[in-house]
Amino acid sequence: MEREFEYLEDKEIVIVRATGSYELSAEIDTVKKIASKLKEHNCSRLLIDFRAAHIAAKTMDIFDRPKAYGDHGIERSIRAAIVCKELSNDLRFYETVCLNRGWSVNIFDDYDAGIEWLTK
């Protein structure tokens, strides 16, 4: 899996672009890098672009994932838009789990809609 990090200064958004296979249970390094980039830019907006990635996640991985965010220094004050090529039941479950645990996460299948949600 490839990851590319970018900061959109004019919109104050950290963007992560992932390609290839993204296995949720194995990608703690990505969470750590996200935390670092958010702190580096004093940023509270995150867009994860998974349109060119295949996400592999088991139900328990999804259920446990939000804990990893706080454990690795991501603040609950951030807003995260996740953009995928199509919305699946697993992604909707992930969104619900995050929201139920106090994380502001929204899943989109439209990149511009994700940016708009983050900037309003």
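In this predicted model, Glu 95 touches Val 105, Asn 106 and Ile 107, when residues up to four places away in sequence are not counted. Glu 95 itself belongs to helix H3, which covers residues 89-100. Its relative accessible area is 9%, and because the limit for a buried residue is under 20%, Glu 95 is classed as buried.

A contrasting case is found at Asp 110. This residue sits in the loop that runs between strand E5 (104-108) and helix H4 (111-119). Asp 110 has a relative accessibility of 37% and therefore counts as partly exposed. Together with Asp 109, Asp 112 and Glu 116, Asp 110 forms a patch of negative charge on the surface.

Other charged residues are paired through salt bridges, of which the whole structure contains seven. One of them joins the side chains of Asp 29 and Arg 3, with an N to O distance of 3.2 Å. Asp 29 is located in helix H1 (residues 28-40), while Arg 3 is located in strand E1 (residues 2-8); the pair therefore ties together parts that lie 26 residues apart in sequence. Both partners fall into the partly exposed class: Asp 29 has a relative accessibility of 39%, and Arg 3 has one of 27%.

Helix H1 also holds a salt bridge between two of its own residues, and here the positions in sequence deserve attention. The side chains of Glu 40 and Lys 37 meet at 3.7 Å, again taken from N to O. Because these two residues are three places apart in helix H1, about one helical turn separates Glu 40 from Lys 37. As for their surroundings, Glu 40 is exposed, with a relative accessible area of 52%, whereas Lys 37 is partly exposed at 28%.

Helix H2 (residues 59-71) provides a further example, since both Lys 67 and Asp 71 lie within this helix. The two residues are four places apart, which corresponds to about one turn of the helix. Lys 67 forms a salt bridge with Asp 71, and the closest N and O atoms are 2.8 Å apart. Lys 67 and Asp 71 are both exposed.

Finally, salt bridges may also be connected to one another. Glu 4, Glu 6 and Arg 17 are linked in a network of such bridges.

Notes. Residues numbered from 1 in each chain as written. Predicted model: local features only at pLDDT ≥ 70, side-chain atom pairs only at ≥ 80, totals over all residues. Heavy atoms only, no water. Patch = residues over 30% accessible without salt bridge, like charges linked within 9 Å, V, L, I, M, F, W, Y side chains within 5 Å. Areas by Shrake-Rupley, 256 points an atom, 1.4 Å probe, with all protein chains shown as cover. Salt bridge = Lys/Arg side-chain N within 4 Å of Asp/Glu carboxyl O. Lys, Arg positive; Asp, Glu negative; His and termini not counted. Charge placed at Lys NZ, Arg CZ, Asp CG, Glu CD. Buried < 20%, exposed > 50% of the residue type's maximum accessible area, 1.4 Å probe, protein only. Contact = heavy atoms within 4.5 Å.
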